[in-house]
Amino acid sequence: MTSDRSRPVGGVPVAIYICVGDAPAADLIAAHVRTFAEACQWPVAVLSVDSNPAQPLMARPGWQAVTDALSEQTVVGVVTWTRDMVHDDPMASPSRHAAAFDRLATVLRERGAFLAAAHPGAVAVPLRRSPGDHWRRRELASSAAGLFTPRRAAGLGTDPRDTGC
């Protein structure tokens, strides 16, 4: 005898929700989430991407599209990559992300829907920029535009391979 949880659930339309600040990363993550949803036999009816994780969840236009699809019963579930994508504070601890995710999952479950994370243990870490990154990006942009690029002063993120010659 098998339990209901062991049977695959198929044919349930879902919305994919992604919230990440980097557009190429969003496309890649969306592809991974789509693969996860298809493996669960959940057809993807809505793909929604937001680019500002610091914005409150309920104020994000992409999340509004997801809630509209849930209200219209176009979708029955929401699939995201990580738990922190549906949290208002991307820098919060993983335990706070899990708690917020569970609260939102409960709210959706009470309304007949579900929330799933394709990679529940992962945390989408924002890109870290070093002080020298700004300078390097400006140098690259100036070089691409054909403008003269001044040399960096020693000690301000210089490349150790650069001998100064």
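**Reasoning from values to terms**

Me: In which strand does Ser-48 lie?
Reply: Ser-48 belongs to strand S2, which covers residues 44–50. The model discussed here is a predicted one.

Me: Why is Ser-48 called buried?
Reply: The term buried requires a relative accessible area under 20%. Ser-48 has a relative accessibility of 5%, and therefore counts as buried.

Me: What makes the approach of Ser-48 to Gly-62 a polar contact?
Reply: The side chain of Ser-48 reaches the backbone oxygen of Gly-62 at 2.6 Å. The limit for a pair of N or O atoms is 3.5 Å, and one atom must be able to donate a hydrogen while the other accepts it. The distance of 2.6 Å lies within that limit, so the pair meets the distance condition. Gly-62 is also among the residues in contact with Ser-48 beyond four places in sequence, together with Ile-16, Tyr-17, Ile-18, Trp-63, Ala-65 and Val-66.

Me: Why is Gln-41 called partly exposed?
Reply: Partly exposed is the class between the limits of 20% and 50%. At 46%, Gln-41 falls into that class, and so it counts as partly exposed. Gln-41 is placed in the loop between H1 and S2.

Me: Why does Gln-73 count as exposed?
Reply: Exposed means a relative accessible area over 50%. Gln-73 has 68%, so it counts as exposed. Its place is the loop between H2 and S3.

Me: What is the phi of Gln-41, and what is the phi of Gln-73?
Reply: Phi is near 65 degrees in Gln-41, a positive value in a residue other than glycine. Gln-73 likewise is not a glycine, and its phi is positive at about 60 degrees. These values deserve mention because most residues other than glycine have a negative phi.

Me: What makes the four strands an open sheet with an order?
Reply: The order is S2-S1-S3-S4, and the pairing is parallel. S2 and S4 stand at the edges with a single partner strand each, so one side of each has no neighbour in the sheet. Neighbouring strands are turned against each other by 20 degrees on average, with direction ignored.

Me: How do you know that S1 and S3 pair?
Reply: Two strands pair if there are at least two bridges between them. Four bridges join S1 to S3, so the condition is met, and the two strands run parallel. Within this pair, Tyr-17 stands opposite Thr-80 in S3.

Me: How do you know that S3 and S4 pair?
Reply: Four bridges join these two strands, which run parallel. The requirement is at least two, so S3 and S4 pair. Val-78 has Leu-115 in S4 as its bridge partner, and Thr-80 stands opposite Ala-117 in S4.

Me: Which way do the residues of S3 point?
Reply: Gly-77 and Val-79 point one way from S3, Val-78 and Thr-80 point the other way, and all are buried.

Me: Which helices lie across strands, H1 and H3 included?
Reply: H1 lies across S1, S2, S3 and S4, and runs at about 150 degrees to S1. H3 lies across S3 and S4, and runs at about 145 degrees to S4.

Me: What makes a set of residues the largest nonpolar core?
Reply: Membership requires buried residues of certain nonpolar kinds, joined through side-chain atoms within 4.5 Å. The largest such set has 35 residues, and those with the most contacts inside it include Tyr-17, Val-33 and Trp-63. Strands S1, S3 and S4 and helices H1, H2 and H3 each supply at least two residues. S1 gives the most, with six. Beyond four places in sequence, Val-33 is in contact with residues including Ile-16, Ile-18 and Val-79. In soluble globular proteins, nonpolar side chains tend to be buried together.

Me: Where is confidence in the protein lowest, and where is it highest?
Reply: The lowest mean is 64, in helix H4 (residues 131–144), and the highest is 96, in H2. Over residues 1–8 the pLDDT is below 50, and this stretch has two contacts beyond near neighbours in sequence. For the protein, the mean pLDDT is 77, and 65% of residues reach 70 or more.

Definitions and conventions. Residues numbered from 1 in each chain as written. Predicted model: local features only at pLDDT ≥ 70, side-chain atom pairs only at ≥ 80, totals over all residues. Heavy atoms only, no water. Buried < 20%, exposed > 50% of the residue type's maximum accessible area, 1.4 Å probe, protein only. Contact = heavy atoms within 4.5 Å. pLDDT = per-residue confidence, 0-100. Axes fitted to C-alpha atoms, helices over the stretch in contact; angles between N-to-C directions.
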